[in-house]
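Hi there,

Here is the structure I promised to pass on. Have a look at it first, and my notes follow underneath.

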Amino acid sequence: MDQVRVRFAPSPTGDLHLGNVRTALYNWLFAKHYHGVFILRVEDTDKVRSTEQAFESLLEIMKWLSLDWNEGPGVGGTYAPYRQSERTAIYEEYLNKLKVSGSVYSCYCTEEELELERKRQLGRGHMPKYSGKCLKLTDDERKQFDAEGKPSVLRFKVPSGEIVVQDEVRGEVIFPDDQLGDFVLTRSDKSPTYNFTVVIDDALMKVTHVIRGEDHLSNTPKQILIYKALGFIPPKFAHLSIIKGSDGQKLSKRHGETSCESYRAKGYLPEAFLNYLALLGWAPKSGEILSLEQMASEFDLTHVGKSGAIFDPVKLHWMGTQYVTKMSLDDLTRAVLPYLEEAQLLTREKARERFDWLKQVVDTVRTNLGCFSDIVKETFYFFSDELSFQPIQTEEMTAQKTLLTAYEKAFSEFSGEFNGPNFLAIVKEVGKQAGVKGKALYHPLRLAMTGREDGPEMVKVAPLLGKEKVLERIRVWTVEVVGS
């Protein structure tokens, strides 16, 4: 095999979608596996939607994920520039070659005419495609339209015959010639379209494998025709299945967060995030928890599936916990601190003063942290007394006034060290005297102390809250809420 050269070519029109990032990851893994070249190319010819902010953002995300590129923006390379907006002269050169060879022609049809034609074809039960109307224009008619300044686009003249795509994931895919009409290569403002620029860039940058989403499969026969018309050898194609939501439909915002930036903001470790995305369509042999290096050593296209994978936020969260729990306690505590600050639960100054205590708090919940922002909901009750209760919980606490009063009395009278073993001994003694045990004994106390139905063992929570705080929260129910 010649040196592998692959590319990730996003459009800077918004945040990177999960599907985009998985595509970038698979290309990166493929290049690393075969000791090839990973190219980052930015397809920013959409002048209306492309922004510099989105461009900078995608570079930041790629760096955050450690998906380093061998050629591209900020790195350079033999085939620079790597932003399509800077390659206009190159595209014009190859458009002229197609004009000279007679492979393209000007089309003056308006959007209204094309839409009417489309509706008529659908009404007859035919697949919509361009009829070739403007191909029949005479030279004089074209000159007249041009003299009038009538807007036009360039269309590629599609030859007869089916197009066969040998896909590395899907096998042989056949496109009958009756499915392809003469397609557009330039817009009315003369800027080139995606199908044209991608061919020129991939050919000139010597891309050997195009690994991309299956939504581009229908573009492939058009691109193969352009390759052949210009005398280029097409690369190998591999079209990845789409990522689906829980309802089996293409993942979209109705399923929840879909942008990579949102998961970065939540504090997911990039290693965990990539590990999970890698499994959405690829089945490694050596298990689920894999580093980038391990994935690269094992990755190939033969184990990439054809059917769409379901994005499961619960599984992603579980994957996150596998990585968070491996962090040192000091590093984890520092990592979650900004989220506590943002929630106004703890200042950095206070954190420095009570760092050892804060580490213990983090340690009690670390197995529940899939991402750093989880720290807020998991430890809220350590920092704030504004606990909230559901009506059913309030009813339960009201009904347990006698038990809570017994707890208040027992903790008030205790004068020893308020540690886990002593706390547990007090609880058991209260239960013995009240004739209560199990959930009935512990649940009302947990609710009073934390406002939560579940959480870390109370023998760990109570000493961190401290005796006075535990008493204060019990009294809220025995005095303030239920009444004395």
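**What I found**

With a relative accessibility of 72%, Gln344 counts as exposed, because the cut-off for that word is over 50%. Please keep in mind as you read on that this is a predicted model. Gln344 sits in the loop between helix H12 (329–342) and helix H13 (348–353). Its phi is near 60°, a positive value in a residue other than glycine.

His35 also has a positive phi without being a glycine, in this case about 55°. You will find His35 in the loop between helix H1 (18–33) and strand S2 (37–40). His35 is exposed, with a relative accessible area of 69%.

One more backbone feature to look at is the peptide bond between Ala80 and Pro81, which is cis, with omega at about 0°. Pro81 belongs to the loop between helix H2 (52–64) and helix H3 (88–100).

**Salt bridges**

Now for the charged side chains. Side chains of opposite charge can pair when their charged atoms come close. The count for this model comes to 29 salt bridges. Here are three of them, each taken in turn.

Asp202 and Arg41 meet through their side chains in a salt bridge, at 2.8 Å from N to O. Asp202 is part of helix H6 while Arg41 is in the loop between S2 and H2, so this pair ties together parts that are 161 residues apart in sequence. Asp202 and Arg41 are both buried.

Arg83 and Asp44 form another salt bridge, with 3.2 Å from N to O. This pair, too, links distant parts of the chain: Arg83 is in the loop between H2 and H3, Asp44 is in the loop between S2 and H2, and 39 residues separate them. Arg83 has a relative accessible area of 15% and is therefore buried. Asp44, at 7% relative accessibility, counts as buried as well.

Glu60 pairs with Arg264, and the closest N and O atoms of that salt bridge are 3.7 Å apart. Since Glu60 lies in helix H2 and Arg264 in helix H8 (residues 260–266), the pair ties together parts that are 204 residues apart in sequence. Here the side chains are not buried: Glu60 is partly exposed, with a relative accessible area of 38%, and Arg264 counts as partly exposed at 27% relative accessibility.

Going back to Asp202 and Arg41, they also belong to a network of salt bridges, in which they are linked with Arg7, Glu43, Arg87 and Asp201.

**Buried parts**

Which helix is largely enclosed by the rest of the structure? That is helix H15 (residues 374–383), because seven of its ten residues are buried. The buried residues of H15 are Asp374, Ile375, Glu378, Thr379, Tyr381, Phe382 and Phe383.

Ala203 is another residue to click on. Ala203 is in helix H6 (residues 194–204), and at 18% relative accessibility Ala203 counts as buried, because the cut-off is under 20%. Leaving out residues up to four places away in sequence, Ala203 touches Tyr227 and Phe232. From C-alpha to C-alpha, Ala203 and Tyr227 are 7.9 Å apart in space, with their positions 24 residues apart in sequence.

**A charged patch and a distant pair**

On the surface, Glu162, Glu172, Asp177 and Asp178 form a negative patch. Of these, Glu172 is in strand S6 (residues 171–175). Glu172 counts as exposed, at 51% relative accessibility.

Asp178 from that patch also gives a sense of distance across the model: its C-alpha is 63 Å from that of Leu329, and the two are 151 residues apart in sequence. Leu329 is in helix H12 and counts as partly exposed, at 23% relative accessibility. Apart from its neighbours within four places in sequence, Leu329 is in contact with Lys359, Val362, Asp363 and Arg366.

Happy browsing, and do write back with any questions.

Best wishes

Notes. Residues are numbered from 1 along each chain as its sequence is written. This is a predicted model: local features need pLDDT of at least 70, side-chain atom pairs count only at pLDDT 80 or more; totals for chains, interfaces and linings use all residues. Side-chain values use heavy atoms; hydrogens and water are left out. Patches are made of residues with over 30% relative accessible area and no salt bridge: like charges are joined within 9 Å, nonpolar side chains (Val, Leu, Ile, Met, Phe, Trp, Tyr) within 5 Å. Accessible areas come from the Shrake-Rupley method with a 1.4 Å probe; for residues, only the protein chains shown count as cover. A salt bridge is a side-chain nitrogen of Lys or Arg within 4 Å of a carboxyl oxygen of Asp or Glu. Lys and Arg count as positive and Asp and Glu as negative; His and the chain ends are not counted. The place of a charge is taken as NZ of Lys, CZ of Arg, CG of Asp or CD of Glu. Helices (H or I, at least four residues) and strands (E, at least two) are DSSP runs, numbered from the N terminus. Buried means under 20% relative accessible area, exposed over 50%, partly exposed in between (1.4 Å probe, protein chains only). Contact means heavy atoms within 4.5 Å.
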